[in-house]
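Q: Please take a close look at one part of this model and work outwards from it. Start with a single side chain, then follow its surroundings into the sheet and the core.

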Amino acid sequence: MLRRSARILARTVKPNASTTAIMQFSTDALEVSHDKSVKEFFITLGKERAVLQYDEDACGVVDLLHTEVPSIFQGKGVGRILAKAAFDYVHNNELKMKLTCDYLQKAIDSFPEYKKIVVN
């Protein structure tokens, strides 16, 4: 019975162009943009956008506030790419960073070289 149901489902569910594109999604060609005027790193994903928002104080501390990836792209490494871009920005500009974003508090473990520039 289970095999028959699986065969029926396989015949009735046909992937459309958007689900096929998502199934073949690769982070290799993603480009992170940085808009300092709105304090945001972002990746354009077709009609969607993944963003990492921050604030910067006068003392040179960048508060990484929030990361948001469209649900269809979650779990595919997009947030990690945004995190790396933000961490690079802080490091390359000799700043410090505060990790307010829950996701980034966990993601920093994948980038131990940046832990020395984290402040509480």
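**His34 and its surroundings**

A: His34 counts as partly exposed, because its relative accessibility is 29%, which falls between the 20% limit for buried and the 50% limit for exposed. The model is predicted. His34 sits in strand β1, which spans residues 33-35.

What does His34 touch beyond its neighbours within four places in sequence? The list is Glu40, Phe41, Tyr54 and Tyr89. Tyr54 also makes a polar contact with His34, side chain to side chain, at 2.6 Å. There is a long-range approach too. Ala86 is 52 residues away from His34 along the chain, yet their C-alpha atoms are separated by 8.9 Å.

Three of those contacts belong together. Phe41, Tyr54 and Tyr89 make up one aromatic cluster, and His34 is in contact with each of these residues.

Now the strand next door. β1 and β2 run antiparallel and pair over three bridges. Asp35 faces Glu40 of β2 across that pairing. Glu40 is also one of the His34 contacts. The two strands form a hairpin with four residues between them. Lys39 lies in that turn and has a positive phi of about 55°.

β2 is mostly covered, with five of its six residues buried. On its other pairing, β2 meets β3 in the antiparallel sense over six bridges. Phe42 stands opposite Val51 in β3. The ring of Phe42 also has a charged partner: Arg49 lies over its face, 4.0 Å from the ring centre. The β2-β3 hairpin has two residues between the strands, and Gly46 there takes a positive phi near 65°.

Step back to the whole sheet. It is open and has six strands, in the order β1-β2-β3-β4-β5-β6, with mixed pairing. β1, the strand of His34, is an edge strand, as is β6, and each pairs on one side only. In general, strands of a sheet pair through backbone hydrogen bonds, either parallel or antiparallel.

The far side of the sheet shows parallel pairing. β4 and β5 run parallel and are joined by four bridges. Val61 stands opposite Lys96 of β5 there. β5 and β6 also run parallel, joined by two bridges. Met97 stands opposite Val118 of β6.

How are the side chains of β5 arranged? They alternate. Met97 and Leu99 point to one face and are buried. Lys96 and Lys98 point to the other face and are not buried.

Back to the aromatic cluster, and how it bridges the chain. There are six aromatic pairs in the model. Phe41 and Tyr89 form one of them, edge-to-face, with 5.7 Å between centres and 70° between planes. Phe41 comes from strand β2 and Tyr89 from helix α3, 48 residues apart, so this pair links distant parts of the chain. Phe41 counts as buried because its relative accessibility is 4%, under the 20% limit. Tyr89 is buried as well, at a relative accessible area of 13%.

A further edge-to-face pair joins Phe87 and Phe111, with 5.6 Å centre to centre and 80° between the planes. Phe87 lies in helix α3 and Phe111 in the loop between α4 and β6, so the pair ties together parts 24 residues apart in sequence. Both Phe87 and Phe111 are buried.

Phe41 and Phe87 lead on to the core. The largest nonpolar core holds 28 residues. Those with the most contacts inside it are Phe41, Leu64, Phe87, Met97 and Leu104. β2, β3, β4, α3, β5 and α4 each supply at least two core residues. Helix α3 gives the most, with eight. In soluble globular proteins, nonpolar side chains tend to be buried together.

Leu104 shows how these elements meet. Leaving out residues up to four places away in sequence, Leu104 touches Leu52, Leu64, Thr67, Ala83, Phe87 and Leu99. Among them, Leu64 and Phe87 are also on the list of best-connected core residues.

To sum up, His34 is partly exposed and lies in edge strand β1. Its contacts include Phe41, which is buried and is one of the residues with the most contacts in the core.

Technical notes: Residues are numbered from 1 along each chain as its sequence is written. Side-chain values use heavy atoms; hydrogens and water are left out. Buried means under 20% relative accessible area, exposed over 50%, partly exposed in between (1.4 Å probe, protein chains only). Contact means heavy atoms within 4.5 Å. A polar contact is a pair of N or O atoms within 3.5 Å; within protein, one must be able to donate a hydrogen and the other to accept it, and residues adjacent in sequence count only if both atoms are side-chain atoms. A nonpolar core is a set of buried Ala, Val, Leu, Ile, Met, Phe, Trp, Tyr and Cys residues joined through side-chain atoms within 4.5 Å. Rings of Phe, Tyr and Trp (its six-membered ring) pair if their centres lie within 6.5 Å; planes under 30 degrees apart count as stacked, over 60 as edge-to-face and the rest as tilted. A charge sits over a ring if NZ of Lys or CZ of Arg is within 6 Å of the ring centre and within 35 degrees of the ring normal. Two strands pair if DSSP finds at least two bridges between them.
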